[in-house]
Structure formats: C-alpha cells, structure tokens
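Open your viewer and keep the selection box at hand. We will go from stop to stop, picking residues and looking at what surrounds them.

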Amino acid sequence: DWLALREPVDHASRDASLLAQAVACAGPGTTVVDLGSGTGSTARAFGDTGCTWRFVDGDAGLLKVAQARHPGAAQLVFDLRDIDDLPLDGVALVTASALLDLMPLDWVISLARRLRDAGIPFYGALNYNGVMRWSPKHEADGCVTEAFNTHQRTDKGIGPALGPTSADVTADIFAHHGFEVHQGDSPWKLNGSATQLHDELLVGIADAAAEAGYAKARVW
C-alpha cells in the first residue's frame, strides 16, 4: 500500500535528464535488472522501451504483484546481502529506486566493483538526502529532521545504512571505480493532492525520530 501511495510522487520527482540517460540504455532486446524492485515502479517510470525486466527482491509477495502487472518480466527472489552472487549475464543496465539510502558502504562498494567488472551502467534514483522543509514551519522541524536522519543511518538488516549520505557516497565510489557519474535532484513536493501520502509520511518520520530518541517527535 505504501509503494502504491508513493508511486505517483516518485514518478513526478525523478530527474528527467537522468531518467532519459537510463532509458537510452534499455532499448529493445536488452535486459534490465531492477534491485529491490517491489511491484515494478521503476519499470513503469521507464515506459515502453522494448526491454525485458528482471525484478529482484527479497519479498516474494511484492514480486507476485510485479508479475501480475508486468507479465513479460522475470522474477528473482534474492537476498540483496548476496550482491556478489547476483546473476548479470547479458544484462544491459542495473537500476535501483529508493534503495541506496538503506544500504551500507560495503554493499555499495561491492555493487560498483561487480558492475565495473561486468561493464554494466547503473541508475540509482530517489535517494533521501537528509533535507526536509515544511510549511508552515514548526519550532521542532530541525530536531525532528536530525533525529530522523540518525535513524536513517541505523542497520536495516545488512549493516549501518548510508542514509542521507547515500547519493554522494555512491557517486564517489562509482567514480573511483571508473564510472562516469551524473547526478540530479529528485525532491518530493507534497501539496493538497497528496494528503494521504503526506499524513503517512508525517507519522513515519515522527515514529522514526522518536525511536532515535527525540521524545517530542510524535507531538510534532
């Protein structure tokens, strides 16, 4: 339900130039691997490119939804901790959306090394950068953001997550491994047309900030 709720805003927020560069790699007859694919939102953002998608996720239930929405795609239930064992034969592009900020440094290094050795480009979109701005402003905005960012760096099951530093750290790592790196902004801008997402996001941020030790987060 959360993935469905955020998808329209995700699609509106993607940097158009970066998306176009990624789409150019995904022509007819190619295979694209989407890491942490969920229900296939990245594929829907790409549109009809004629490529074959291989959805990779640890959640078989989400992949079942992806299969129903994309009958021609391949599905792989896979533990992303085993990134060194990810099959990449014949793959033209690897993508990941809203994933890198959940991953630890060592995982990103392993991914960069694998893709460099295989000669495969990478498109990593929609990574949280630690910046939140609210209107109207509240005196606790800064404290909530700081606590939430601390929570974002906790272990999400693989190791301490990169959290708000993920985009810049990933760019540096891929550049170090010989990739030509391009970056762009993809801010969520929530207004009256996204009230349900806004409400769910507020609760999620407050819960995480409270878990990180900011006692007044839920009052905020």
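**Stop 1: a parallel pair**

Select strands E4 and E5. They run parallel and are joined by four bridges. Now pick alanine 96, then look across into E5: the bridge partner there is glycine 124. Next, trace the chain from E4 to E5. The path goes through helix H5, residues 105–118, and this β-α-β crossover is right-handed. Remember as you look that this is a predicted model.

**Stop 2: the other neighbour of E4**

Add strand E1, residues 31–35, to the selection. E1 and E4 also pair in the parallel sense, again over four bridges. For a landmark, pick aspartate 34, which stands opposite threonine 95 in E4.

**Stop 3: both faces of E4**

Keep E4 and show its side chains. In a regular strand, side chains alternate between the two faces of the sheet. Which residues of E4 are on each side? Leu93, Thr95 and Ser97 are on one side, with Val94 and Ala96 on the other. Both faces are covered. Five of the five residues of E4 are buried.

**Stop 4: two nonpolar cores**

Select Leu35, Leu80, Leu86, Val94 and Trp107. These have the most contacts inside the largest nonpolar core, which has 23 residues. Which elements give two or more residues to this core? They are E1, E4, H5 and helix H7, residues 166–176. H5 gives the most, with five residues.

Zoom in on leucine 35. Beyond its neighbours up to four places away in sequence, leucine 35 touches a long list of residues, including Val56, Leu80, Ile83, Leu86, Leu99 and Leu111. Residues of E4 are on that list too, among them Val94 and Ala96.

Now select Val32, Ala73, Leu93 and Leu126. They are part of a second, separate core of 17 residues.

**Stop 5: a buried loop residue**

Go to isoleucine 120, in the loop between H5 and E5. Is isoleucine 120 buried or exposed? Its relative accessible area is 3%, so isoleucine 120 is buried, as buried means under 20%. Pick leucine 88 as well. The two are 32 residues apart in sequence, yet 8.7 Å apart in space, C-alpha to C-alpha. Leaving aside neighbours within four places in sequence, isoleucine 120 is in contact with Leu88, Val91, Ala92, Leu93, Val94, Leu115 and Phe179.

**Stop 6: the two sides of H2**

Select helix H2, residues 16–24. Colour Leu18, Leu19 and Ala22, which are buried. Why are they on the same side of H2? They cover an arc of only 100° around the axis, which puts them there. An α-helix has 3.6 residues a turn, so residues three or four places apart point the same way. Turn to the other side of H2, where Ala16 and Ala24 are exposed.

What do the buried residues of H2 pack against? Show helix H3 (41–46), strand E4 (93–97) and strand E5 (122–125) to see their packing partners.

Before leaving, look at the N-terminal end of H2. Aspartate 15 caps it: a side-chain oxygen lies 3.1 Å from the backbone nitrogen of serine 17.

**Stop 7: an aspartate out of sight**

Last, select aspartate 10 in helix H1, residues 2–13. Aspartate 10 is buried, with a relative accessible area of 6%. Show Leu126 and Trp188 around it. Aspartate 10 touches both, not counting residues up to four places away in sequence. Leu126 has already appeared on this tour, in the second core.

Technical notes:
Residues are numbered from 1 along each chain as its sequence is written. This is a predicted model: local features need pLDDT of at least 70, side-chain atom pairs count only at pLDDT 80 or more; totals for chains, interfaces and linings use all residues. Side-chain values use heavy atoms; hydrogens and water are left out. Buried means under 20% relative accessible area, exposed over 50%, partly exposed in between (1.4 Å probe, protein chains only). The arc is that of the directions from the helix axis to the C-beta atoms. Contact means heavy atoms within 4.5 Å. A polar contact is a pair of N or O atoms within 3.5 Å; within protein, one must be able to donate a hydrogen and the other to accept it, and residues adjacent in sequence count only if both atoms are side-chain atoms. Two strands pair if DSSP finds at least two bridges between them. A crossover is right-handed if, with the strands pointing away from the viewer, the path from the first strand over the helix to the second runs clockwise. A nonpolar core is a set of buried Ala, Val, Leu, Ile, Met, Phe, Trp, Tyr and Cys residues joined through side-chain atoms within 4.5 Å.
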